[in-house]
Amino acid sequence: MPDPTIPASPDPLLELDRRNALAEEGGGAERRERQHREGKLSARERVLLLLDEDSFEETDKFVTHRCTDFGMGSEDKRILGDGFITGYGRIDRRVVFVFAQDFTVFGGSLSETNAAKIVKIMDTAMRVGVPIIGLNDSGGARIQEGVVSLAGYADIFLRNTLASGVVPQISAILGPCAGGAVYSPAITDFTLMVDKTSYMFVTGPDVIKTVTHEEVTKDELGGATTHNEVSGVAHFMAHDDADCLAMIRELLSFLPSNNVDDPPRRACSDPTDRADAELDAIVPLDPSQPYDIKEVIEHIVDDGYFFEVHEHFARNIVVGFARMNGRPVGIVANQPAFLAGVLDIHASVKAARFVRFCDCFNIPLITFEDVPGFLPGVQQEHGGIIRNGAKLLYAFAEATVPKLTLITRKAYGGAYCVMSSKHIRTDVNLAWPAAEIAVMGAEGAVNIVYCRELSAILAEAETAEGPLDPQRSAEILAEARKRKVEEFREQFANPYLAAERGYVDAVIRPRDTRRRMIAALEMLDGKRDKNPPKKHGNIPL
C-alpha cells in the first residue's frame, strides 16, 4: 500500500518502519483531533492506556480490506490495519487480548478482514485461557461489503458464545454501537459505557421516527444513563474514556484469567478476626425501618472496599465484588433502602446473571439477605415474575462454588428459599439474632392465623362494654393485633426455629460476622461439587 507522501524504501528495515508508521497513523491527525474534540481518545491511545506500559504486542497490523465496490479498491482507500487494532498485552502483569475499533478509519466499520482479525485473537485467547477485552467505537457493518460484513459479525457472535464461561469477556462502548453490532457486547460478561459519548441501540432515532413516529434523541434512546438505569444492558457508567479503562483494570483484578484458574489473591492487612461493634446496632429494631446494606458489606469486607456492579439498575438488589482475607468474593444483597429490598423482575435477572458469572469463574458467593418477598402486582405477574424469579432460584441452585448466606433481618416466603437458602446447596448459612424467618411478615400472618381470635376478642369487649362505636372497636383491635404480632414474632419469626432444624448453621453476633465468614471460606477452600452429567440445563429464559 504505497503512500505518495512517504516513498517506499529498498531497505527492508526502513520499509518496515514506513509501514509501521502508516499503520499507526490510522485515519490521520485531523480525524484523531476530531475524536479529541468530542471528548474521546483514539483507538491506539485507548489500548496503550488500558495495558501495562510497553506491554502491547500488535497482531495483523498490515491487514487491508478486499472490497473493490464504490471506489473502495483504490490504493488510497486501503489503510493498514483496516480500522481495527488487535493484539495482546498485560494488565497488572497478567496477559489479556484486546481489540479496538478505530473510528477514524471508515467510521470503525466492520469488514471481512477486520472481523477475521478479531476472530483470530478470540480463538487464541480461548486456547491460552486469557480474558478478551473489546473497545467498541464503530458505525456498524461496512455497507460496501454487504453480506460478507454481516458474516463477520456472526463469526464474532459465535466466538463470544463459545468463550462464554471459558474466559472473561469485557466490552467497553466508547462511541456508537448500533444494529447487529450490539449483540457481541450483549453476550459478553460485562459492558461499560461512557456518559454523553457512547450509545447502543438496535435501531436508531431516525428509523424509530419513521416506523413508530416516536421522537427520541440518541442519548435518550441508548445512552449510558439509559442502559445503566433503565434497560440494564450496561453494568458500569464512566465519566470519560480514561475512567472507563481504569474500571476495566479494576474489574479484572477480581477475576481469574479463565474458568480453571482461581481468582487472584492479594495480601491482606485487615485483621481476619476484626470485630466491629457498629454492626450490632446497624439494623434498626423496627423491622419497617430501612438501612443501607452497603454499609453492612463495607463493615465486613477487606478494608471496607466494595466494587459494585450494575449500581444504577434494579437498586433493590446489590451485586459486586469484594475481598475477604485477600480472596475475591461475589456479593449478592437485598437492599432495604430501596423498595424494602423486595425481589422483582429486574432484581431477579440482575442477580441471576451475576451469580452465574461467579459460578463460571470460581468466585465464592456471599449473600446478604433481608427480603420481605416478591413484589406483588398485576404488572409484575403479567411481566413474568414467576419465570424471572425462577432464574435467580436456578442460578443459586446450580452454582457449585462456595456459598455463604447471612440473614440480617427478614427472610419471608418463597424469597427465603430463593436467596441461597440451605435447601439449595448453600454451604454455610448464618443469621443475626434479629432475623425473622417466616412464611410472611408478622402483620400479615396475624390477620390470617389469629383472625378468629381477634374476632372473639372484639365480641368479648362488646359483651363487657355493650355496643361499641367504630373508634372504640378499632382501638381494641389495634391493641389486640399488636399483642398478637409480638407473640408471633417471639414464637415463629426468629432464627432459632430454623437453627433447630439445621437450616441455619449458627446464630451469631453481628460484630463477629467477618471472622465467621472468613473461617467458613477457608474451610470451603477445597470444596468440590458438581451437577449431574448433562449437555446443559434449561434455565427459564
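Which residues form a nonpolar patch on the surface? In this predicted model, the patch is made up of Val439, Met440, Ile448 and Val449, and together they offer about 400 Å² of accessible area. One of these residues, Val449, sits in helix H16, which covers residues 442-449. Val449 counts as exposed because its relative accessibility is 51%, and the cut-off for that label is over 50%.

Ser198 gives a rather different picture, so to speak, from the inside: its relative accessibility is just 1%, so it counts as buried. Ser198 lies in the loop that runs between strand E7 (190-194) and strand E8 (199-201). What does the side chain of Ser198 reach at 2.8 Å? That partner is the backbone nitrogen of Val194. The side chain of Ser198 also reaches the backbone oxygen of Ile173, here at 3.3 Å. Setting aside neighbours within four places in sequence, Ser198 is in contact with Ile173, Leu174 and Gly175, with Met193, and with Gly222, Gly223 and Ala224. Ile173 thus turns up both in this list of contacts and as the owner of the backbone oxygen at 3.3 Å.

Then there is Pro271, found in the loop between helix H10 (241-252) and helix H11 (293-300). Pro271 has a relative accessibility of 42%, so it counts as partly exposed; that label covers values between 20% and 50%. As for where Pro271 stands relative to Glu311, the two are 40 residues apart along the chain, and their C-alpha atoms are separated by 28 Å.

Note on methods. Residues are numbered from 1 along each chain as its sequence is written. This is a predicted model: local features need pLDDT of at least 70, side-chain atom pairs count only at pLDDT 80 or more; totals for chains, interfaces and linings use all residues. Side-chain values use heavy atoms; hydrogens and water are left out. Helices (H or I, at least four residues) and strands (E, at least two) are DSSP runs, numbered from the N terminus. Buried means under 20% relative accessible area, exposed over 50%, partly exposed in between (1.4 Å probe, protein chains only). Patches are made of residues with over 30% relative accessible area and no salt bridge: like charges are joined within 9 Å, nonpolar side chains (Val, Leu, Ile, Met, Phe, Trp, Tyr) within 5 Å. Accessible areas come from the Shrake-Rupley method with a 1.4 Å probe; for residues, only the protein chains shown count as cover. A salt bridge is a side-chain nitrogen of Lys or Arg within 4 Å of a carboxyl oxygen of Asp or Glu. A polar contact is a pair of N or O atoms within 3.5 Å; within protein, one must be able to donate a hydrogen and the other to accept it, and residues adjacent in sequence count only if both atoms are side-chain atoms. Contact means heavy atoms within 4.5 Å.
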